[in-house]
Every structure is written in structure tokens, then in C-alpha cells.
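This note sets out some points on the pockets and the ligand site, for use at the bench. Please read them alongside the structure shown here.

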Amino acid sequence: MPAWLKNSVFYEVYPQSFLDTNSDGIGDLCGITIKLDYIKDLGCNAVWINPIFDSPFMDAGYDVRDYKKIAARYGSMSDFEKLLEEAHKRDMKIIIDLVPGHTSDTHEWFLESKKADKNEYTDRYIFTNSTWEAPPEYKLVCGMCERDGNYMVNFFSSQPALNYGFHNITHPSWQKSPDDCECIKTVDAMKDIMRFWLDKGVDGFRVDMADSLVKNDDEKIATAKIWRGIRQMFDEDYKDRVLISEWSDPMKAIVNSGFHADFYLDHPHNGYHYLFRNGRGEENKSFFADHAKGNIKDFLNDYIPAYECSKNKGYISFITNNHDMPRAPFYMSDDIIKLSHAFMMTMPGVPFIYYGDEIGMRYIENLKSKEGGYSRTGARTPMQWNSEKNLGFSDADSDMLYLPIDKSEDAPTVLCQQGVSSSIYENLKAVIALRRQYPELSNDSEFEVVYAKENEYPFVYKRGEFIIFVNPSDDKKTLNFASNGKSEIYSIGKYEMTSSSVTIGDRSFLIIR
Ligand code: GLC
Ligand code: CA
């Protein structure tokens, strides 16, 4: 386990929307380099950058055309090398996206694979044996190739699935075993790509759809075996680099596959969903919501087993949001967001902050889809830095921007929140600082539930010598609690302590030692 993960807080940069330095309306690598000091000042010491590779951008870069080439719109390879160098100078880490499950349908491998004549790449993707063979249980694109067969896709039609084989073979004429030498060649090709970037000095990968490799593999047995092989490569040759999975199943991702960390994403009926994304408005049943009436047990029933099984092997990563879902203000008001940040920054694991979440940037509704974003587009708008043109994102004319900036009068910006102690920005910065300051709050220090009752508030938990109270509800709550000799470390809202009780105010948060 790379030691640096223990104290890391990540910042996710969506490169096209962060900072444009050459006035073409789209964010770029130089923009990220310029803002490293900003990211570090917020308290983050590691950055995840979404795909920056050559691509036709049918899925905003998750459709890779050339894994070893930087997309021209983001700059050059030397810009990337400069970014790495500047980050490392500041003792910061950079991880990039690895998209191992599929490529763009314009990738050279696929252009070869879809040819009628057999060649080196014929089996790099999954094709049926005839255009008339299209079993409905598989996601197949039909009638698009010279080759007589249909190909399987992972996500959009432009993203053909790479061939890592099938765990349960239902159609032996076209499905291969993961041990087939053609499938092993796919794994080797992916390892070669990883080595290319690791040798340049990247600190690891965020792995896109990490569970998607082997097909008909419900228990992910064969997929996990591939990842264990890759983890072995890391342990042997790249000990200080990390693998972080988009999976949201710590048992499979961390314990069985060897990922160093796994994202806690909004999946139906999981703990993340019950905490933050369980409905909207009147219908909002999340634990963190306005007029909150959620159930902390729904979170704990999911989280505790996952935490217990994985805690000595890897980290669960809380995220403030990411590029795939509406931002927090779509669901909750600013003071609830502050409590949710304070909670996430005091839980175990490796936390991730999505760019703009530190100022409560809003989800922009009803935007026309951009590059396959669809409903995700509104969570990908330009970063709001200051009150200058395009809120400081770009000097280009506004109709040239990658996506429109938030046009509302009160659009939050970094400039208007910095130095304002009640702001989302200063609140988040303060709790990150606590996390970095106190070993009790570090990523792997112990976690224990102190008070959690079905459909009740507050939630109280222990990290080492610290006791943490979080109460997003509208009512203050008093708990019997021997608080002699205990002192406040940090609080939001109101609280009262007597020698035998703690009263935690409505919409309040408290850490005591
Ligand atoms: C992941 C990415 C998402 C992308 C999809 C297909 O879920 O986060 O943005 O569209 O994979 O690669
Ligand atoms: Ca630019």
C-alpha cells in the first residue's frame, strides 16, 4: 500500500471545464498547472484528471482513439510532462483515467478488427460469427462492418468492448475463455499502456468501469483475477502508484481484485444514495437533506460490512460528486452541503472533491447535451473563479465556450467565498485542514459508531480520541454523554455541553476530543 494514500485528499479536475489559457473556450493542461497552488491551498494533495487522450469525444473522452496521445485541445505531451513536474515539485500526486473496457470505434485496433480479412486485431473486440446472430441478452451493434458479425459495446454504440473473454460461455462459437491467448493479449496491451504512463511518472489511475472486463462474470471472478495480475505488476515495478476503481463494491474491488481504493458512488439502494441522493424536495428521504427525515441505518447497513471487510486492505472513497451526476445543490441547501462536507472529511477512506463543489457550484438544468453528457452535462460546466469575463474561466467569447457558464446573478465563485468564514469554501478548507492535521482523522484511523438509531438524528461516531456529532435535522437533540474534560475541536452551528449531556443544535456539526 503506497504510504502517501494514508494522508491524501483528491481533487477531481474535469479538464475541459477548469481553466482555459489559450482563449479557445476549452480548459487545458496549462490551466491545471496554473491552478495547482489553488488546489493545494484548499488542502488537496492529489489530483485526478478525467480523460485527456486523443478521442472523437462521443463520450467526452471516455471513447479513447489513442491511449498514448494527448488530445490536441488539451495541449501537448510536453504540457502534460510539465504538469507532472510542477505537481511533484509541490509534493502533489497526479492520477489519470484509464479506460480499459472499451475504446472508441475510431481506434486503430477497432478499424482493423472490423475488417473482413483476419488480422492481428480480429479478436481484440467481441464479434459474433454472423450478422444474423444477435442474441438479445448481449448489447450488440449490428450491420455496421464489412466483417460478417456484430460487435458488443460497453456503454454507447461508439464504445466497442475490448475482448477479455467470457466467464460463462453460452455461445462457444464466438465467445472465448479469459485464458485464451487472444484475451491475454488484450490484458497485455492494457499493461503496456499503463507502463507507458507510469514510466512518465503518473502516480496511478482512476479505472473506468473496472468491473466490466470479462463478460458473463456476475461474481466478477475472472475480472478480479485480471486485476490481481495488474496489482502484482504494481507491487513489483510501481510500488508507490495507486489503482482506484469505479466499481462501488469494496469486497470485489479491494478484497478480491486488489484495488487500493474504490469509489462510493450513487447506486440504487446503497449507502451513498441513502445519505445524499435519496429523492428531491418533499420527496427527499436522504439523511442529508433540508427538513431531513432520513435513516442513518440504511447507510450503515451497507457501509459497515463493506468497511469491515476492506479496511486493512484499501480505502472506500467518499466523493462530493463527480462528472456523472447532478451536483449537491440540486438536492440540498448550502448549510446541509456544509454538514455533508464535514461528515465526508471526517470519515475513513480517501476522499475526492469534484471541482467546483468547494464553492457549491450548481447543477445547470436543461442544458443541451454536450459530447454524450445528456443529463450529466449540467454537472460539467466551467469552473467559476471570479467576477471577470466568463467568471474567470476563459477569455473567449461566451458562444465559444465548451459549455455555458452559470448565468445566475448569485453564481458562487472562488473569489467571493475565499475569506468568508461562513462560506462552503472556507468550511470545506477548514475540515480538510483538520483531517491533515490530526492523525485521528487520517484516512486509515479507526472508525466506530457511537449513536445511530433507526430514523433518528443525530449520527455520532468515533475516530480515535475524537467524537463527532452530525445533525442535519430541523430539531436540536440532547444525548446523555459524560463530557467531562472534553474540548471542542471544530463545530458548525450550535451545541451545548454539560457534564452529563451534549445538545447538538439543528443543522449542526461538532467534533470534540
Ligand atoms: C464511467 C465514466 C463515464 C463514462 C462511462 C463510459 O462511468 O465515469 O463518464 O461515460 O464510464 O466510459
Ligand atoms: Ca484552451
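1. How much space lies in the largest pocket? In this predicted model, the volume is about 390 Å³. The lining comprises 18 residues, of which Phe155, Glu246, Leu265, Asp324 and Arg376 are the closest to the centre of the pocket. Sorted by class, the lining of the largest pocket holds 7 nonpolar, 4 polar and 7 charged residues.

2. The largest pocket is the space that ligand 1 takes. Around ligand 1 there are 13 residues, and those that come nearest are Asp59, Asp208, Glu246, His323 and Asp324. The shell consists of 7 charged, 3 polar and 3 nonpolar residues. Domain 1 (3-100 + 183-439) and domain 2 (102-161) each supply at least three residues to this shell.

3. Which side chains have an N or O atom 2.7 Å from an oxygen atom of ligand 1? Asp208 has such an atom, and so does Glu246. In addition, a polar side-chain atom of Arg376 is placed 2.9 Å from an oxygen atom of ligand 1. The protein buries 96% of the 310 Å² that ligand 1 exposes when taken alone.

4. The second largest pocket has a volume of about 230 Å³. Its lining includes Glu137, Tyr138, Met152 and Asn154, together with Met209, Asp211 and Lys220. By class, this lining has 5 charged, 4 nonpolar and 3 polar residues. At least three residues of the lining come from each of domain 1 (3-100 + 183-439) and domain 2 (102-161).

Notes:
Residues are numbered from 1 along each chain as its sequence is written. Chains are lettered from A and ligands numbered from 1 in the order in which they are written. This is a predicted model: local features need pLDDT of at least 70, side-chain atom pairs count only at pLDDT 80 or more; totals for chains, interfaces and linings use all residues. Side-chain values use heavy atoms; hydrogens and water are left out. A residue is near a molecule or strand if one of its heavy atoms lies within 4 Å of it. A polar contact is a pair of N or O atoms within 3.5 Å; within protein, one must be able to donate a hydrogen and the other to accept it, and residues adjacent in sequence count only if both atoms are side-chain atoms. Accessible areas come from the Shrake-Rupley method with a 1.4 Å probe; for residues, only the protein chains shown count as cover. On a 1 Å grid over the protein atoms alone, a cavity is a set of points where a 1.4 Å probe fits but cannot get out, and a pocket is an open set with protein on both sides within 12 Å along at least five of seven lines; lining residues have an atom within 4 Å of a point. A molecule sits in a cavity or pocket if more than half of its atoms lie within 2 Å of its grid points. Ala, Val, Leu, Ile, Met, Phe, Trp, Tyr, Cys and Pro count as nonpolar, Asp, Glu, Lys and Arg as charged, and the others, Gly among them, as polar. Domain bounds come from an automatic or database domain assignment. Grid points are joined across faces, edges and corners, and a volume is the space filled by probe spheres set on the points.
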